[in-house]
Amino acid sequence: MFYRDGVFWGMHLIWWAIWFVLLGWIFFAPSSSSYDEIEDDDPLTSLKRRFAKGEITKSEYEESKELLKSDG
């Protein structure tokens with residue numbers, strides 16, 4: 001009955017479109033704050049990371065760490 005009139009088929013397509021848009025928004029929309037952005041805000045954390053990667057020496061790390069602690 002409803003299939004021949006097209007009413008059901010039209011509403012069916014609208015609901016599928018709503019679900020696809022909703023799921024696409026959930027999975028593909030960029031988030032405003034991620035864990036990496038929050039973690040990078042801390043200068044001491046980035047200093048520790050640079051020391052762990054070997055970008056700075058131990059003396060540079062100690063000097064920068066003391067400088068950061070004295071400012072705060």
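Here "partly exposed" means a relative accessible area between the buried class, under 20%, and the exposed class, over 50%. Keep that in mind for the close-ups below, which come from a predicted model.

**Figure 1. The whole chain is built from helices, with zero strands.** Let's start with the overall layout. The protein chain has five helices, and reading along the sequence gives the pattern α-α-α-α-α. Of its 72 residues, 4% are buried. The accessible surface of the chain adds up to about 6800 Å², and carbon and sulfur atoms account for 64% of that.

**Figure 2. A nonpolar patch sits on the surface.** Twelve names to look for here: I14, W15, W16, I18, W19, F20, L22, L23, W25, I26, F27 and F28 make up the patch. Together they offer about 1400 Å² of accessible area. Pick out W19 as a landmark; its place is in helix α2, which covers residues 7-28. How open is W19? With a relative accessible area of 48%, W19 is partly exposed, because its value falls short of the over-50% mark for exposed.

**Figure 3. R50 and E55 meet in a salt bridge.** Zoom in on these two side chains and you'll find a distance of 3.2 Å, N to O. A search of the whole structure turns up one salt bridge, so this view shows the pair to look at. How buried or exposed are the partners? R50 has a relative accessible area of 39%, so R50 is partly exposed. E55 comes out at 49%, and that makes E55 partly exposed too.

**Figure 4. F51 and Y61 form a stacked aromatic pair.** The count for the structure comes to two aromatic pairs, and this close-up shows one of them, F51 with Y61. A pair of aromatic rings is described by the distance of the centres and the angle of the planes. For F51 and Y61 those values are 4.7 Å centre to centre and 20° between the planes. Which parts of the chain does the pair link? F51 belongs to helix α4 (residues 43-53) and Y61 to helix α5 (residues 58-71), so the pair links distant parts of the chain, ten residues apart.

**Figure 5. A look at how F51 and Y61 are covered.** Stay with the two rings, but now check their accessibility. F51, at 33% relative accessibility, counts as partly exposed. Y61 has a relative accessible area of 10%, so Y61 is buried; the cut-off for buried is under 20%.

Definitions and conventions
Residues numbered from 1 in each chain as written. Predicted model: local features only at pLDDT ≥ 70, side-chain atom pairs only at ≥ 80, totals over all residues. Heavy atoms only, no water. Salt bridge = Lys/Arg side-chain N within 4 Å of Asp/Glu carboxyl O. Buried < 20%, exposed > 50% of the residue type's maximum accessible area, 1.4 Å probe, protein only. Phe/Tyr/Trp six-rings, centres within 6.5 Å; stacked < 30°, edge-to-face > 60°. Helix = DSSP H or I, 4+ residues; strand = E, 2+ residues; numbered from the N terminus. Areas by Shrake-Rupley, 256 points an atom, 1.4 Å probe, with all protein chains shown as cover. Patch = residues over 30% accessible without salt bridge, like charges linked within 9 Å, V, L, I, M, F, W, Y side chains within 5 Å.
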